[in-house]
Amino acid sequence: MNKSSICLTVFFEDPFWVGVFERQAQGELTVCKVTFGAEPKDGEVYDFVLRNYASLRFSPAVARAGQSAC
């Protein structure tokens with residue numbers, strides 16, 4: 001059975017709030033960075049994920065080495 005997981009980390013990178021999506025599947029890792037601008041509230045992040053996840057552009061896959069921070 002193939003397992004996959006997704007993690008989103010939101011942090012402040014002066015002068016904007018950004019999010020980094022990590023997607024792990026079949027031993028490979030892809031990432032996507034998004035800029036939120038002002039500090040997003042939890043509901044705004046959730047809404048962003050629901051509306052935009054399918055159109056995010058992830059990096060090419062790399063072999064996963066070790067554990068992720070997620």
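Q: Where in the fold is T30 found?

A: In this predicted model, T30 is found in strand β3, which comprises residues 28–37.

Q: Why is T30 called buried?

A: The relative accessible area of T30 is 10%. Buried means under 20%, so T30 is buried.

Q: Which residues does T30 touch, not counting residues up to four places away in sequence?

A: T30 touches F21, E22 and R23, and also F58, S59, P60 and A61. R23 has a further role in the sheet, since the bridge partner of R23 in β3 is T30.

Q: Is C32, which lies in strand β3, buried or exposed, and how do you know?

A: C32 has a relative accessible area of 7%. Set against the cut-off of under 20%, this value makes C32 buried.

Q: With which residues is C32 in contact, leaving aside its neighbours within four places in sequence?

A: C32 is in contact with G19, V20 and F21, and with L56, R57 and F58. As for P60, C32 and P60 are 28 residues apart in sequence and 9.9 Å apart in space, C-alpha to C-alpha.

Q: What makes β2 and β3 a pair of strands?

A: Strand β2 (residues 16–25) is joined to β3 by nine bridges. A pair needs at least two bridges, so β2 and β3 count as paired, and they run antiparallel. The hairpin of β2 and β3 has two residues between the strands, and in this hairpin Q26 takes a positive phi near 50°.

Q: How do you know that β3 and β4 are paired?

A: Two bridges join β3 to strand β4, residues 62–63. The requirement is at least two, so the two bridges meet the rule, and the strands run antiparallel. In β4, V62 is the bridge partner of L29.

Q: What is the order of the strands in the open sheet?

A: The open sheet of four strands has the order β1-β2-β3-β4, with antiparallel pairing.

Q: Why do β1 and β4 stand at the edges?

A: β1 (4–13) and β4 each have a single partner strand, so one side of each is left without a neighbour in the sheet.

Q: What pattern does the protein chain follow along the sequence?

A: The pattern is β-β-β-α-β, with one helix and four strands in the protein chain.

Q: How many aromatic pairs are there when ring centres must lie within 6.5 Å?

A: By this rule the count comes to five aromatic pairs.

Q: What makes the pair of Y53 and F58 edge-to-face?

A: The rings of Y53 and F58 are 5.9 Å apart, centre to centre, with 65° between the planes. Centres within 6.5 Å make a pair, and planes over 60 degrees apart count as edge-to-face; the pair of Y53 and F58 is therefore edge-to-face. Ring pairs also link Y53 and F58 with F21, F36 and F48 into a cluster.

Q: Why is F58 called buried, and why is Y53 called partly exposed?

A: F58 has 17% relative accessibility, and because buried means under 20%, F58 counts as buried. Y53 has a relative accessible area of 23%. Partly exposed lies between under 20% and over 50%, so Y53 is partly exposed.

Q: How much of the protein chain counts as buried?

A: Of the 70 residues of the protein chain, 23% count as buried. The accessible surface of the protein chain comes to about 5400 Å², and 53% of this surface belongs to carbon and sulfur atoms.

Definitions and conventions:
Residues are numbered from 1 along each chain as its sequence is written. This is a predicted model: local features need pLDDT of at least 70, side-chain atom pairs count only at pLDDT 80 or more; totals for chains, interfaces and linings use all residues. Side-chain values use heavy atoms; hydrogens and water are left out. Buried means under 20% relative accessible area, exposed over 50%, partly exposed in between (1.4 Å probe, protein chains only). Contact means heavy atoms within 4.5 Å. Accessible areas come from the Shrake-Rupley method with a 1.4 Å probe; for residues, only the protein chains shown count as cover. Rings of Phe, Tyr and Trp (its six-membered ring) pair if their centres lie within 6.5 Å; planes under 30 degrees apart count as stacked, over 60 as edge-to-face and the rest as tilted.
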